[in-house]
Number of protein chains: 2
Amino acid sequence: MKTEKDKVDAIKNGEKHFLHHLSIDCVLFGYHEHQLKVLLLQWKHSGKWSLPGGFIKLDETLEESAKRILKERTGLDDIFLQQFQSFGDPKRSHRSKQDIETLAIVSGSLIDETHWILKRTVSIGYYAVTEYSKVTPRPDPLSEICEWWDIDELPQLVFDHNIIVTEALKALRLQIYHQPIGYNLLPEKFTLPEIHALYETILGKELDRRNFAKKLISLGIIKKLDEMRSIGAHRSPFLYKFDKRKYDKALKEGIALAF
Amino acid sequence: MKTEKDKVDAIKNGEKHFLHHLSIDCVLFGYHEHQLKVLLLQWKHSGKWSLPGGFIKLDETLEESAKRILKERTGLDDIFLQQFQSFGDPKRSHRSKQDIETLAIVSGSLIDETHWILKRTVSIGYYAVTEYSKVTPRPDPLSEICEWWDIDELPQLVFDHNIIVTEALKALRLQIYHQPIGYNLLPEKFTLPEIHALYETILGKELDRRNFAKKLISLGIIKKLDEMRSIGAHRSPFLYKFDKRKYDKALKEGIALAF
DNA sequence: AAATTATTCTGTAATTTATACGCAATGAAG
DNA sequence: CTTCATTGCGTATAAATTACAGAATAATTT
């Protein structure tokens, strides 16, 4: 585990450890009670909101980099990450004078216009989906707050981060039609209503529960167990689990869902 | 138009003009006589084959950069470009001693291990599709030959370029199910057999011509004209053209094709 | 001028898939 | 033992996809 000092130090001496002109931005979708949320950070002093992001170490792959960044904010290992687009407008990462001052104060170093962190930066976008409740959000050294925001009540974000979120959501919704989603997002054993709610939340629309179940079962990616879950004052739903072999096959070869 | 000298000079002095650690690689698919081809370059001396690629200027967008690179190789403006993935393995762009020597000879400059062009490079992949016959391939200063290769008879390529082609084809085939393709790829007026062959070629499989036509017409993105084309010793097919308004709408909003 | 050949155009029947929805079954609470 | 909210099962209908047959046409050949 890194100390806070180490990470602030990274800004000062990052020149030697990170790829210049490149960054990673992560859109982490959190799923909870029929609501889709996004993890955001609030910068110190300016109070501006941003996506969790960071720089790429000289010897790590893009995916390793994204994983590391997300782990620092959430504590989670093994998130299913998906690269979806790179953002490279020459002016996208322009920082205001105030933001530069903040960087200088927080890192305790001189930041003039030649500083590596102010160079034009192309950002590689990754998205991931997680169970909201699994995460304990942790701000980074440059931020005051790290918390979930409802997908349709986002504040204005820094740089082009609002666009990045929009594109990530588009990519996620396109993906859900061509690959199964849910493994690592649901408990090992789950009920039909649970996976049904997950899909409805991500797609942002209603899906007939009976037809939905029929389709997933007929594709063979989930299968019924002989157990039930007790959910209080109502009929107990059966438990299901993913057929990992068929799930992985569907991941690799793609499926054609039509909801 | 740049002179050859300018471009070789770019290697020597590119440090000041290009973003370090970043490059663009383009997979240009050429469509001709039921064959899908890819434009490749053969490097001088080593004889290795690669995709057309290049570096990003300090003040241009990623798309402008890709457009410029493709224009230099093909003469074509206005190609429909699609960013599809970034490739960032730390070892992906390793060059052999021989290749470094060639770079030094061709550019007439000293290239030691600190030279910017040898740094770890993340490449942003773009693909495009064009009519094979519209293109006059032109090698770049580092290459001997620039020519089309059949998609299923590609040689071994440098770096991870074989993977890049595979991923580009996957992305193109996924795209064709969700967006119309054909504008800028077919003459303004075309026949059903022509557009049918285009789709079969890109997807690499047979599509029933009657059902195919029914679908495109019912979606409204092509419409029948009152003219015919004479094709020699056979029945003359009717001409069609794209309904640009509906085509653009489909591009923007997406469609769901199922062939 | 009639038959031949290769190709395009139109239509329809059979099948599969998707959609809509009614109702019985269940577990706990009153 | 009735009520309530919820799950599970099944079926009728609509829509989309697939498969395929046969007529029409423009030269070329006989």
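**Exercise 1. Start from the aromatic pairs, 31 over all chains of this predicted model, and classify the pair B:Phe84 and B:Phe87.**

Step 1: recall the rule. Rings of Phe, Tyr and Trp (its six-membered ring) pair if their centres lie within 6.5 Å; planes under 30 degrees apart are stacked, over 60 edge-to-face, the rest tilted.

Step 2: apply it. The ring centres of B:Phe84 and B:Phe87 are 6.0 Å apart and the planes stand at 65°, so this pair is edge-to-face.

Step 3: check burial (buried means under 20% relative accessible area, exposed over 50%, partly exposed in between; 1.4 Å probe, protein chains only). B:Phe84 is buried at 15%, and B:Phe87 is buried at 7%.

A word on conventions: residues are numbered from 1 along each chain as its sequence is written, and chains are lettered from A and ligands numbered from 1 in the order in which they are written. Local features need pLDDT of at least 70 and side-chain atom pairs 80 or more, while totals for chains, interfaces and linings use all residues; side-chain values use heavy atoms, without hydrogens and water.

**Exercise 2. Find which charged end sits over the ring of A:Phe238.**

Step 1: the test asks for NZ of Lys or CZ of Arg within 6 Å of the ring centre and within 35 degrees of the ring normal.

Step 2: A:Lys224 is the answer, with its charged end 4.1 Å from the centre of that ring.

Step 3: for a second case, take A:Lys244, whose charged end lies over the ring of A:Tyr183 at 4.7 Å from its centre.
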